[in-house]
Amino acid sequence: MGSAVADRRIAIGIDVGGSAIKGGAVDVDAGLVIGERLKVPTPQPSTPSAVVEAIRGLVELAAADAGRDALVGVGVPSVVIEGVSWTAANIDQGWVGFHIETALGDALGRPVTVLNDADAAGIAEMRFGAGRGRNGVVLILTLGTGVGSALFVDGRLVPNTELGHMEIRGRDAEKRSAAVARVRDRESWNAWAADLDEHLTAIDRILWPGLIILGGGVSRDADQFVPLLTIRPPIVPATLRNDAGTVGAAMAAIEHER
């Protein structure tokens, strides 16, 4: 169980990204970050030991709002199976085969639940955001340093999908459709939307989702690019935006303890 603050279930959520690590105390029943929203740059190089130390520092700060005994959930940009990270597209290669749950548990002196960062964001968005109450196939994409994906079927997560890394034109799709690509390549919204549209069309041909939710910081500019997309399923911006990963990681920590 998470710590109780005024009869609320509170846990600590940490969201590890390619450029920044965010976190905070989360009221998991309301889907809200309470207290201070914490953020530090992702260490460069982003070795497991350096990131674990950064997470430890954020958890210590978040404990001021969550309580010292609060459960901790961490979303990382990697496939995570039974506490081991297996991919490292936007993070140091030392993460491949790294026992991240054990390392964090040792560093924090308590059990830690670790999952893919996009899956964490998807869990929050399906419970409290744009996917709330939706059945059928729902796809959440997080557009940031890379493209993360979270796939849900009748509200149940299919973990560790890596649709940002499907091949389009001979390379990872996220090289052109990630939000950072628009800034890096100095593209117009129209040009970047065309790249994103090609990626989404390729996904649609395989999965035929009933709804696509686009998250990440760029979702606040949804009116700049969503009207330019031409794919079949309806597309909506995520409503939790950059809080989604933090909220979902905290929710995963609570769910794991049931």
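A residue counts as buried when its relative accessible area is under 20%, as exposed when that area is over 50%, and as partly exposed in between. By this scale arginine 56, with a relative accessible area of 29%, is partly exposed. The structure described here is a predicted model.

**Salt bridges**

Side chains of opposite charge can pair when their charged atoms come close. A search of the whole structure finds twelve salt bridges, and three of these pairs are set out below.

| Pair | Closest N to O distance |
|---|---|
| Glutamate 53 and arginine 56 | 2.6 Å |
| Glutamate 60 and arginine 68 | 2.8 Å |
| Arginine 127 and glutamate 255 | 3.8 Å |

Arginine 127 lies in helix α3, which covers residues 117-128, while glutamate 255 belongs to helix α8, so this salt bridge ties together parts of the chain that are 128 residues apart in sequence. Arginine 127 is partly exposed, at 38% relative accessibility, and glutamate 255 is also assigned to the partly exposed class, with a relative accessible area of 33%.

The pair formed by glutamate 53 and arginine 56 is found within helix α1, where the two residues are three positions apart and therefore separated by about one helical turn. Glutamate 53 has a relative accessible area of 42%, which means that it counts as partly exposed. In the pair of glutamate 60 and arginine 68, the glutamate is partly exposed at 35%, whereas arginine 68, at 56% relative accessibility, counts as exposed because the cut-off for that class is over 50%.

Beyond these pairs, Arg169, Arg176, Asp195 and Glu198 are linked in a network of salt bridges.

**Helix α6**

One member of that network, Asp195, is listed among the buried residues of helix α6. The buried set of this helix also includes Trp189, Trp192, Leu196, His199, Leu200 and Ile203. Helix α6 comprises the 19 residues 189-207, and at 1.5 Å a residue it should span 27 Å; its end C-alpha atoms are 26 Å apart, so the expected and modelled spans agree. Just after α6, tryptophan 208 takes a positive phi of about 50°.

**Glutamate 101**

Glutamate 101 is found in helix α2, which runs over residues 100-108, and at 23% relative accessibility it counts as partly exposed. When residues up to four places away in sequence are left aside, glutamate 101 touches Gly83, Val112, Thr113 and Val114. With regard to the last of these residues, a polar atom of the glutamate 101 side chain lies 3.0 Å from the backbone nitrogen of valine 114. The C-alpha atom of glutamate 101 is separated by 13 Å from that of arginine 56, and the two residues are 45 residues apart along the chain.

**Backbone features in loops**

Which two residues are joined by a cis peptide bond? The bond links glutamine 44 and proline 45, with omega at about 0°, and proline 45 is found in the loop between β4 (32-41) and α1 (48-66).

Positive phi values also occur in loops. Aspartate 154 has a phi near 50°, a positive value in a residue other than glycine, and is found in the loop between β10 (147-153) and β11 (156-158). Arginine 241, which is not a glycine either, has a positive phi of about 50°; this arginine lies in the loop between β15 (235-237) and α8 (244-256). With a relative accessible area of 39%, arginine 241 is partly exposed.

Notes. Residues are numbered from 1 along each chain as its sequence is written. This is a predicted model: local features need pLDDT of at least 70, side-chain atom pairs count only at pLDDT 80 or more; totals for chains, interfaces and linings use all residues. Side-chain values use heavy atoms; hydrogens and water are left out. Helices (H or I, at least four residues) and strands (E, at least two) are DSSP runs, numbered from the N terminus. Buried means under 20% relative accessible area, exposed over 50%, partly exposed in between (1.4 Å probe, protein chains only). Contact means heavy atoms within 4.5 Å. A polar contact is a pair of N or O atoms within 3.5 Å; within protein, one must be able to donate a hydrogen and the other to accept it, and residues adjacent in sequence count only if both atoms are side-chain atoms. The expected span of a helix is 1.5 Å times one less than its number of residues. A salt bridge is a side-chain nitrogen of Lys or Arg within 4 Å of a carboxyl oxygen of Asp or Glu.
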